[in-house]
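The exercises that follow are meant to be worked through with the sequence and the model side by side. Each task is followed by a solution that goes step by step.

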Amino acid sequence: MAPLPSDILRAHRFVVLDCETTGLAPERGDRMVSLALVTVADGRITDRWSTLLDPGRDTGPVHVHGITTAQSTAAPRFAAVLPQLVSRLEGAVLVAHNVGFDLRFLAMELELAGVGRLPETALDTLALARRYLPELANHRLTTCVASLGIAHRAHRADSDAEVTAALLFELLARAEADGHTELARLTEPTAEVLRRERRGRARCDMDTDGLGEEHRAAHRLIAHWQGGADAWTRALTTLQRDGCPEAGRLWGWFGGMVSGPTAVFGPPQPELARAALRTALRLLLADPRTARSDVAPVLTWLAALDQGAEPPSHLLDLFPEPAAAIAALADCGGCWSCATLGLCATGSAGAALVSHYGDDPAWADELAATLPLLRAAGDLAALGRAARYVGQALERRGRGADAALLWQSAVDDGVRDLVVFNRLSLHHERRGAYAVALALCERALAFRRGEGAQAAWETLERRAGRCRLRLAGAEHGAG
């Protein structure tokens, strides 16, 4: 049974927000791809509103939020939904589960749009859950609502906002039972939450001790969204000159923003974007602290500049350097390719290039021309996927032998693409070359990591088993 609305709920209007995003860092160019608001007034839900959004780039982890780039490109940009958004937020208490995350994205989108204000007060149901649901093993949204018997479809903005509203009812009822009758002791000023969240992600900002005034002023201009593209370019040049540890990230962020239209910088400025992104990449690759995840946003925006273009000049210009430098960075350890094959695809210029063409047979010849570039860069994850697509296109053209030669060359180079091993071992099995097929299956299975791609591994195991039986039968017949 749902708790009765607390006096706090009756006395204030709340807007529960949830968003799905292209990644985790708006400061590095990630954007919203969906947004949902649930309004609670007079102690009950009075309004529900949600929308998909076009982030102006790929949608990121589709396997998490289920929103494809094709779906997002048919959706409105954030600026187009501002009237619906601002009218709901005005005068409300902003609520979210881990409110700092959603607040960073909302603030960034509002800043880019150049209009709209954040609510003055924020309430974090994550913080309240830690206080009033102490018995739980963790306080993720799914865990909290499951403990209360609330049905939930995770990583969908509308569902997440709806169940967060239900959780809010429960948590405020428990807070009131604990003696809290005033909202002020359960909330924080939104500006303070945002300042803390952003400060925790920067190695240098306008509040850092020991900065020269020009360096501090450059950070201040960026933090306060002052000036236009020319002013930002001068400020970033100052940070770069001073060796600021944030210069590479901020150049990349700026390049991503001017890639598309914003109220702050006006219409897209692709040439400025390209120059800023190349500067960002150069600075990041010169920094020994740079990880693959640091360069990934820059590559994403460079790839976005090539959307619809033939050839993808911005990506091709990265070969052989800095593509090889990126490929030489330590594995991220967290992407699907790392976990399944031990070859990292995060932040890869090669992966972006292969994605530009995809598996469309119409582009197979153009993709085939990039294979030497990928090989020279040492990007084995991208080389494997490209060889897979090109070989499959050759098979469709009735050139199975040529596909097998291509795949064998890729295997000899060290690729671990499961489809390559699957198709190549199948090719040899069909031709009775059971020893060769078995060796390929065993080689692929030796790369196996984690529980990913279960069906592909099982296919290779079954083929290996068949080949062993064939070889054993041949030996028995010969004996």
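**Exercise 1.** Across which strands does helix α8 (residues 157–177) lie, and at about what angle does it run to β1?

Solution. The model is a predicted one, and the helix should be traced in it from residue 157 to residue 177. Helix α8 lies across β1, β2, β3, β4 and β5, and its direction makes about 145° with that of β1. To place these strands, take the sheet next: it is open, has six strands in the order β3-β2-β1-β4-β5-β6, and its pairing is mixed. The edges are held by β3 and β6 (188–189), each of which has a single partner strand, so one side of each is left without a neighbour in the sheet. Helix α5 (residues 99–113) also packs on the sheet, where it touches β1, β2, β4 (93–96) and β5 (121–124), and its direction makes about 80° with that of β1.

**Exercise 2.** Determine how strand β2 (residues 32–41) is paired on each side, and decide whether the strand is enclosed or open.

Solution. Begin with strand β1 (residues 14–21), which runs antiparallel to β2 and is joined to it by eight bridges; within this pairing, F14 has V40 of β2 as its bridge partner. Turn then to strand β3 (residues 44–52), which pairs with β2 over eight bridges, again in the antiparallel sense, with V38 standing opposite R48 of β3. Between β2 and β3 there are two residues, which makes the two strands a hairpin, and D42 in the turn has a positive phi of about 55°. Finally, consider burial, for which the cut-off is under 20% relative accessible area: 10 of the 10 residues of β2 are buried, so the strand is largely enclosed by the rest of the structure.

**Exercise 3.** Find which residues of the largest nonpolar core touch the most other members, and list the contacts of W225.

Solution. This core has 83 residues, of which I222, W225, F254 and F265 touch the most other members. Helix α14 (residues 292–305) gives the most to this core, namely eight residues. For W225, set aside the neighbours within four places in sequence; the contacts are then M108, E111, L112, W232, W253, M257, V264 and F265. A second, separate core has 30 residues, among them I8, L141, F169 and L183.

**Exercise 4.** Is E197 buried or exposed, and which residues does it touch?

Solution. E197 is found in helix α9 (residues 190–199). Its relative accessible area is 17%, which is under the 20% cut-off, so E197 is buried. Not counting residues up to four places away in sequence, E197 touches G100 and R104.

Technical notes. Residues are numbered from 1 along each chain as its sequence is written. This is a predicted model: local features need pLDDT of at least 70, side-chain atom pairs count only at pLDDT 80 or more; totals for chains, interfaces and linings use all residues. Side-chain values use heavy atoms; hydrogens and water are left out. Buried means under 20% relative accessible area, exposed over 50%, partly exposed in between (1.4 Å probe, protein chains only). Helices (H or I, at least four residues) and strands (E, at least two) are DSSP runs, numbered from the N terminus. Two strands pair if DSSP finds at least two bridges between them. A nonpolar core is a set of buried Ala, Val, Leu, Ile, Met, Phe, Trp, Tyr and Cys residues joined through side-chain atoms within 4.5 Å. Contact means heavy atoms within 4.5 Å. Axes are lines fitted to C-alpha atoms, for helices over the stretch in contact, and angles run from 0 to 180 degrees between N-to-C directions.
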